[in-house]
Amino acid sequence: MIAYHEGELRLTTQHTSYWFRVTRFGHLEHVYYGSRLPDDQLMEPLALKRTAQLGGSSAYDPADNLYCMDALCLEWSGIGKGDYRETPAEIKMPDGTFTTDFRYQSHRITAGNAPMETLPGAYGETKDCSTLTLTMLDESNGVTLELYYTVYTETDVITRRAVLKNGNDQPLTIRRLLSMMLDMPDDHFRMITFDGNWIREGHKHERALGYGVTINSSTTGDSSHRHNPGFLLAAEGTSETQGKVYGFNLIYSGNHYGAVELTNQDLVRVELGINPYCFEWTLQTGELFETPEAVLSFSADGFNGLSQHFHGFVNRHVVRGDWKGKERPVLLNEWEAFFFKFNRGRLLRLARRAKSAGVELFVLDDGWFGERNDDHAGLGDYAVNRRKLRRGLKEFSDRIHRMGLKFGLWFEPEMVNPDSDLYRAHPEFALSTPGKTPILSRNQLVLDLCNPAVRDYIVTNMTHILDTCGIDYVKWDYNRHISDACSARVGNQGEFFHRYMRGLYDVLSRIFTPRPHILLESCSSGGNRFDLGMLCFSPQIWTSDDTDPIERLRIQGGLSYLYPLSAMGAHVSEAPHQQTLRDTPISTRFNVSAFGCLGYELDLKQLTFVQRREVKNQIAFYKRYRRVMQYGTFFRGEEHKPNQRLWHCVDAEADTGVSGLFQMQENAAETFDRLRFMGLNRERRYRMATKPQGQMIRRFGGLVKHVLPLQVNPNGILFNLLNRYKALDDCVETYRGYGEAFMHGVLLNNQFIGSGYNERIRLLGDFGSNIYVIQADATQPPASQAD
């Protein structure tokens, strides 16, 4: 809901209020963003006061020496009028100066959202959202700035963006134009970012705000695994379940820039948008420039409350097409099973085993095209490698479909190897800097998506394969950062990075908008491009090339602050893991992956009988609870022990919940474990049970002699036979009670602590875990309704 009255603007969601007003000089003064307030609450008590002149400040107008831009809480600012803080706009105006003074002219309020012309954005029907458009004018230059605010009421999200229009007969140059700016009083904020590297994406990092500017940005040409675009500001004392926290994100996949400044007046300025790094955009007369859409939310219920706002927003207003709200299939990707060394027969045998295990989608990864026998050749070519698939791709796809499986295919459309037919025919299609040798990464170059011919080449070749081979799923990879950021098709290279991103969105739109049935999973060496821009096209994203579940606890856990589980590709792979050499139980590999879009990435032939049975049981369990685990309300549990993590998913009716307890490393003589369920109905009765799982015999080595009636050599044939066909059953606990009791916390059975074994001891050890299912008693009404 958006309301205007006598210069005051009130934006209201289900649980939040966002208020600002137009000052006597036409600037936008921010007043309040926080928990929802009554409509009749006056703004003045909440506004920053100006009753004394600040030393070192510059009065905006002689008529009011207390009106200082540097000491106001603002919604937008600029350069040259006395505000010396971080600026959202650095524009060389038509008059040749950098001074900007955008002042309120008018506004309009419309139902629904306002789609952009050049970029993807959030969307919603008229019943879901409403939009405020403010027209601001720099009068002396005739340049207009439009500020858009779209209010998504039910998900407690507000989006912001800016559009600059040049009404002057002279050009202007944009060096910086961010999507949003927001000032508010400090609340002893901590800034939380999600940072990392390849195979170490999305790790949560916190720091207290200090005086000056803290920057969260990317300069790699993509949103990057180094610093995700999303970040949080948490008030002192905020935890997972309580406290005030603000969240900010950006619907964009390129270089981003987020800045938080703590000023000498203890005010906090937040900015987010396109990175001004190497950015320079010329705007001719009559032209406009659109910024990406920034996403804002606030919660007074801690980090979980904020995450739930973001999750609902992404699922309802970012993801689109046939896969919006649809359960993701269980897939098997053959990459870690074979790498490049496959043929038709090996693939078909693996697919048959996958089908037998309950897999729904078979994915053929890298190596099916051109001379792609390693990563030195073939990228950019689309001819099927007949030595590997002698009957062609369509025949192979038909065979997979006849098995009752869907078929998915890997592409890396934005890249080219110098050793490829495409590069030999069109070297000008690759990015390069005149007079310099282009830099290779992973033996490949980046194609110039600023070039319409390159975009047409990708679209033509991909759509031919998709349409003729019956492809149900695409894995779109992007395995390097951009260097040699220069396009012969761009006159001003300061426009390159943004034009590349617009080119990418054009290609994605042309391929997938007419084919909404295809499930697209974006990948960029894992989570290098895990952002809201890609989620506008790709309902799920490959979270990380690291499939070690202990690392995934940090990666998926970190990204869960910003993105829903339905967006996270998560696979069970072989152990020891290729990325860490850590040897983890197959139960934990599944238990972590189940909190996401489940897949398998291993050779099922190499599994023992008991492991294959375990995989089959895992998939059956996941299918039964998939809706809850992909779309249920997600909670991160408060830390009970530093070596453990707790995750919970609960359906909208609080009928069914699935919880995971994960142990990263065992401590000697482990103390009690408490499992506090979250999101239940306190008055309803529930039944809780551990998901049954087996522990592989080999994990216990020579210790098995203490539980077997005969002596077994842990290096002998009999031991290996036992390991293939027998597993130790892990402890299963079942309890009944009220939601209130379960949320207080169940004290679980003891872990193994070296004093003996029985069937009631939980066998966690290093990297162990359990999943627990809790379901409401359907025959028992809530206590308030019972006799």
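The legends below describe close-up views of a predicted model.

**View A. Cysteines C73 and C536 in a model without disulfides.** Because a disulfide requires two cysteine sulfur atoms within 2.5 Å, the model contains zero disulfides by this rule. The cysteine sulfur closest to that of C73 belongs to C68 and lies 13 Å away, which is too far for a bond. C536 is likewise in no disulfide, the nearest cysteine sulfur being that of C129 at 14 Å. C73 is buried, with a relative accessible area of 2%, and C536 also counts as buried, at 3% relative accessibility.

**View B. Helix α9 and the contact at its start.** Helix α9 spans residues 549-559 and is mostly covered, with 10 of its 11 residues buried. Among the buried residues are P549, I550, L553 and I555, as well as E551 and R552. At the start of α9, the backbone nitrogen of I550 has a side-chain oxygen of D548 within 2.9 Å.

**View C. The largest cavity.** Of the five cavities of 30 Å³ or more found in a search of the whole structure, the largest holds about 110 Å³ of space. Its lining includes H27, L28, M69, W76, K81, D101, F102 and M136, and the lining residues divide into six nonpolar, four polar and two charged.

**View D. The second largest cavity.** About 70 Å³ of space lies in the second largest cavity, whose lining is formed by W368, F369, L379, G380, D381, Y382, W410, F411, E412 and P413. By class, seven of these lining residues are nonpolar, one is polar and two are charged.

Methods:
Residues numbered from 1 in each chain as written. Predicted model: local features only at pLDDT ≥ 70, side-chain atom pairs only at ≥ 80, totals over all residues. Heavy atoms only, no water. Buried < 20%, exposed > 50% of the residue type's maximum accessible area, 1.4 Å probe, protein only. Helix = DSSP H or I, 4+ residues; strand = E, 2+ residues; numbered from the N terminus. Polar contact = N/O pair within 3.5 Å; in protein donor to acceptor, adjacent residues only side chain to side chain. 1 Å grid on protein atoms, 1.4 Å probe; cavity = no way out; pocket = protein on both sides within 12 Å on 5 of 7 lines; lining within 4 Å. Points joined across faces, edges and corners; volume = space filled by probe spheres on them. Nonpolar A, V, L, I, M, F, W, Y, C, P; charged D, E, K, R; others polar.
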